[in-house]
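Student: Could we go through this model together, with a reason given for each term that is used?

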Amino acid sequence: MLGADPRPLLAANWKMNPVVRADAVELARGVAPAAAEHEGAVEVAVFPPFCWLAPVAGALDGSGVGLGAQDCHWERSGAFTGEVSAAMLSGWCDWVIAGHSERRAMFGETDEQVGRKAAAALGAGLRVIACVGEREEEMDAGRTEEVVRRQLAAVTAAVPAAEAHRVVIAYEPVWAIGTGRSADPAQAGATMGFVRAGLAEAFGQEAASRVRVLYGGSVNAANVTSYVELASCAGCLVGGASLKVEEFSTMIEAVAGVADGRGFPPTPTLPREGGGS
Ligand code: PGA
């Protein structure tokens, strides 16, 4: 497990929130105590909008909470109006999200671009959460594995196995994001197992075992345990519920409770769902 963080990861994707700087600072300060209390068992990272990275970094100083951006550009610099490069982010934060489904759907981000973003982020010394997940019509057509395989392959092709430990894959079914319609844990677990198998194929079993696979999509305090208990799941990417201090703090506690009872991340041998070992 050299180079792998053995803790489950609870990542807070704040999206385009909060609107006011003081609220961003307050939110960061609010979640820091629970994160600090359970730091040994759970890794917590928050992903505010670009403009709040600096004030949130100040608010989190010494808390052990990681900080990330929600996107980056793959070029180092140049004529890319409105963009922020991975190279610019290094020094301001530790993480970046690549290929969130909202960016794919609303801003036309392609698999190839997501791969380039992941590679640029690693090159800049950042850690990456790369997102994969099928749309509802793709699930209905029985194409979940085909879509996830294609999206994952674009990421693994861009990442050397030696850097795999700095990559996290978030499986987020698009139909579950922001809808309150969270995926059935067994079904999500099966797809995360499929992701793990794809990682092993791309990186080899040992390097793949260092990649954490998260679930995302309407995760909240009531259901977070049902995902983190799955053998293939090493944490969650949380949107809406991460904007509520009390709820997110409860989630940190819940994940710590599961983490205390088992070793993370899943063992290199492909785990079976439901065993929780
Ligand atoms: P949600 O968002 O928790 O609000 O569904 C998750 C995400 O988009 O990462």
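Tutor: Let us begin in the loop between β1 and α1, where Lys 15 is found; please keep in mind that this is a predicted model.

Student: What makes the phi of Lys 15 worth a remark, although Lys 15 is not a glycine?

Tutor: Most residues other than glycine have a negative phi. Lys 15 is not a glycine, and yet its phi is positive, at about 55 degrees.

Student: And what kind of peptide bond joins Asn 17 and Pro 18?

Tutor: That bond is cis, with an omega of about -20 degrees, whereas most peptide bonds are trans. Pro 18 is placed in the loop between β1 (9–13) and α1 (21–37).

Student: Which residues come nearest to the ligand?

Tutor: There are 13 residues around the ligand, and of these Lys 15, His 100, Glu 172, Gly 178 and Ser 218 come nearest. To be counted as near, a residue needs a heavy atom within 4 Å of the molecule.

Student: How do you know that Gly 178 makes a polar contact with the ligand?

Tutor: The cut-off for a pair of N or O atoms is 3.5 Å, and a backbone N or O atom of Gly 178 lies 2.6 Å from an oxygen atom of the ligand, so this pair counts as a polar contact. By the same cut-off of 3.5 Å, the backbone of Ser 218, with an N or O atom 2.7 Å from a ligand oxygen, and that of Gly 240, with such an atom at 2.8 Å, also qualify. The ligand taken alone exposes 280 Å², of which the protein buries 95%.

Student: How do the residues of the shell around the ligand divide by kind?

Tutor: Four are nonpolar, seven are polar and two are charged; glycine is counted among the polar residues here.

Student: Why are β3 and β4 said to pair?

Tutor: Two strands pair if there are at least two bridges between them; strand β3 (residues 66–69) and strand β4 (residues 95–98) have two bridges, in the parallel sense, so they meet that condition. Gly 68, for instance, has Trp 95 in β4 as its bridge partner.

Student: What do the eight strands close into?

Tutor: They close into a barrel, with parallel pairing, in the order β1-β2-β3-β4-β5-β6-β7-β8, and from one strand to the next the twist averages 25 degrees.

Note on methods
Residues are numbered from 1 along each chain as its sequence is written. This is a predicted model: local features need pLDDT of at least 70, side-chain atom pairs count only at pLDDT 80 or more; totals for chains, interfaces and linings use all residues. Side-chain values use heavy atoms; hydrogens and water are left out. A polar contact is a pair of N or O atoms within 3.5 Å; within protein, one must be able to donate a hydrogen and the other to accept it, and residues adjacent in sequence count only if both atoms are side-chain atoms. Accessible areas come from the Shrake-Rupley method with a 1.4 Å probe; for residues, only the protein chains shown count as cover. Helices (H or I, at least four residues) and strands (E, at least two) are DSSP runs, numbered from the N terminus. Axes are lines fitted to C-alpha atoms, for helices over the stretch in contact, and angles run from 0 to 180 degrees between N-to-C directions.
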